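Let's walk through this model together, from the overall fold down to the packing inside.

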Amino acid sequence: MKPGRLYVRVLGVDPGLTRCGIGVIDGDPGLPPRMVEVVVVRTPPGAELSERLLTIALQVESMMDRLRPDTVAIERMFSQHNVRTVMGTAQASGVVALAAARRSIPVAWHTPSEVKAAVSGNGNADKAQVTAMITRLLKLPDAPKPADAADALALALCHLWRSPMQGRLLAAAAKARMAP
C-alpha cells in the first residue's frame, strides 16, 4: 500500500502472446473491491516474437506507471500439453515480471485453480463461471470480454483476498521457527 492511500491496488495479468489480459482492482478495508481498469493486449500471431513481447511490455509498463499498483499478480502455468502455448505464456509472464521488478513492485504467482477457487469456490470452474463471478463480485454492468479480461481481474481479486492470509501464515511460521 502506498503512503497516503487506504486501499491496496493489484494489477492482475493473464499472460499470453495473442491475448494478454491486464486488470487492475482496488481493495479498501471493509468495502467491496472495485475495478479500476481492464484491457486485453492483442498481438498478431504472424508478427515477430520480439515485436509481440514489446507490445505487451509497452502496455503493461504504461499501466504500471499510470496506475501505480502495490503488487502484480501473474498466472502461473505449471503444466500444458502445447509447448508453443507454454513458451508464449512464459515469455509474456517474464516481460511483465521484469517490468514490475524495474519498478520495485512485488510479484505474486497464482495457479489457475487457486484463482478459480478464490473467486468461485470451485477450483475447476470454467471460464463462464469465472466471468459471471467477476461481473457479480466487482458489480460490473457488463461481463468483461474476452475471457482474458475476466481472468486478469480474477487474478487481481484472488491476490487481494489471499495475500493478507498468506502474510499472516508466513509470519506465524517465522515466529514458530524462532521459538525455543
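We begin with the chain as a whole and then turn to its helices and cores.

This is a predicted model, in which local features need pLDDT of at least 70, side-chain atom pairs count only at pLDDT 80 or more, and totals for chains, interfaces and linings use all residues. Residues are numbered from 1 along each chain as its sequence is written, and side-chain values use heavy atoms, with hydrogens and water left out.

The protein chain has five helices and five strands, taken as DSSP runs (H or I, at least four residues, for helices; E, at least two, for strands) numbered from the N terminus. Along the sequence, the pattern reads β-β-β-α-β-α-β-α-α-α. Of the 180 residues, 42% are buried, meaning under 20% relative accessible area with a 1.4 Å probe, protein chains only.

Now look at helix 1 (residues 49-67) and helix 2 (residues 83-102), which pack at about 35 degrees with axes 9 Å apart. Here axes are lines fitted to C-alpha atoms over the stretch in contact, and angles run from 0 to 180 degrees between N-to-C directions. Contact means heavy atoms within 4.5 Å, and residues making it include I56 and M64 of helix 1 and V96 of helix 2.

Those residues also appear in the largest nonpolar core, of 23 residues, where L11, I56, M64, V72 and V96 touch the most other members. Such a core is a set of buried Ala, Val, Leu, Ile, Met, Phe, Trp, Tyr and Cys residues joined through side-chain atoms within 4.5 Å. Helix 1 gives the most to this core, seven residues. A second, separate core of 17 residues includes V130, L138, L157 and L160.

Note on methods
Buried means under 20% relative accessible area, exposed over 50%, partly exposed in between (1.4 Å probe, protein chains only).
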